[in-house]
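I opened a new notebook page for this one. Below is what I looked up, entry by entry.

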Amino acid sequence: MRMGKRGPKEELPKPYRMAVKYNEECKQILEAYCAQENVNRMEAARRGIKKLKEDLKEE
């Protein structure tokens, strides 16, 4: 008998992975943001990436 994935199906699946190296300053900023907003590091990274959208130049 084959078992499926556990938990509810995600509305917006996240199939891509990312690994990042960062310095002490970035670590402190990230930890402070996560504590303030009560989110994990990956959610904070997703939010940061989405903020980059406004800096994109339209072609």
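**Burial.** Before anything else, I wrote down the cut-offs: a residue is buried under 20% relative accessible area, exposed over 50%, and partly exposed in between. I also noted that I'm working with a predicted model.

**Cysteines.** I tried the cut-offs on Cys 34, which has 11% relative accessibility, so it counts as buried. Cys 26 has a relative accessible area of 39%, so that one is partly exposed. Next I wondered how many disulfides there are. A disulfide is a covalent bond between the sulfur atoms of two cysteines. The rule I used asks for a pair of cysteine sulfur atoms within 2.5 Å, and by that rule I got zero disulfides.

**Whole chain.** I looked up the helices and strands next, and the protein chain has two helices and zero strands. The helices are H1, covering 24-37, and H2, covering 41-52. How much of the chain is buried? Just 7% of the 59 residues count as buried. I put the accessible surface of the chain at about 6800 Å², with 53% of that belonging to carbon and sulfur atoms.

**Before H1.** I stopped at Asn 23, which sits in the segment before H1. Its relative accessibility is 44%, so I put Asn 23 down as partly exposed. What does the side chain of Asn 23 reach? I found the backbone nitrogen of Glu 25 at 3.3 Å.

**Between the helices.** In the loop between H1 and H2 I came across Asn 38. Most residues other than glycine have a negative phi. Asn 38 has a positive phi of about 55° although it isn't a glycine. Is Asn 38 buried or exposed? With 72% relative accessibility, it counts as exposed.

**Largest pocket.** Then I went looking for pockets. Rolling a probe the size of a water molecule over the atoms shows where empty space is left. The largest pocket has a volume of about 500 Å³. I listed 17 lining residues, and Cys 26, Leu 30, Arg 41, Ala 44 and Ala 45 lie nearest the centre. So my partly exposed cysteine, Cys 26, turned up again. Which helix gives the largest share of this lining? H2 does, with eight residues, while H1 and H2 each supply at least two. By class, I noted twelve nonpolar residues, one polar and four charged in the lining.

**Second largest pocket.** This one holds about 400 Å³ of space. I wrote down the lining as Lys 14, Pro 15, Tyr 16, Arg 17, Met 18, Met 42, Arg 46, Ile 49 and Lys 50. Sorted by class, that lining has five nonpolar residues, four charged and no polar ones.

Technical notes
Residues numbered from 1 in each chain as written. Predicted model: local features only at pLDDT ≥ 70, side-chain atom pairs only at ≥ 80, totals over all residues. Heavy atoms only, no water. 1 Å grid on protein atoms, 1.4 Å probe; cavity = no way out; pocket = protein on both sides within 12 Å on 5 of 7 lines; lining within 4 Å. Points joined across faces, edges and corners; volume = space filled by probe spheres on them. Helix = DSSP H or I, 4+ residues; strand = E, 2+ residues; numbered from the N terminus. Nonpolar A, V, L, I, M, F, W, Y, C, P; charged D, E, K, R; others polar. Buried < 20%, exposed > 50% of the residue type's maximum accessible area, 1.4 Å probe, protein only. Areas by Shrake-Rupley, 256 points an atom, 1.4 Å probe, with all protein chains shown as cover. Polar contact = N/O pair within 3.5 Å; in protein donor to acceptor, adjacent residues only side chain to side chain.
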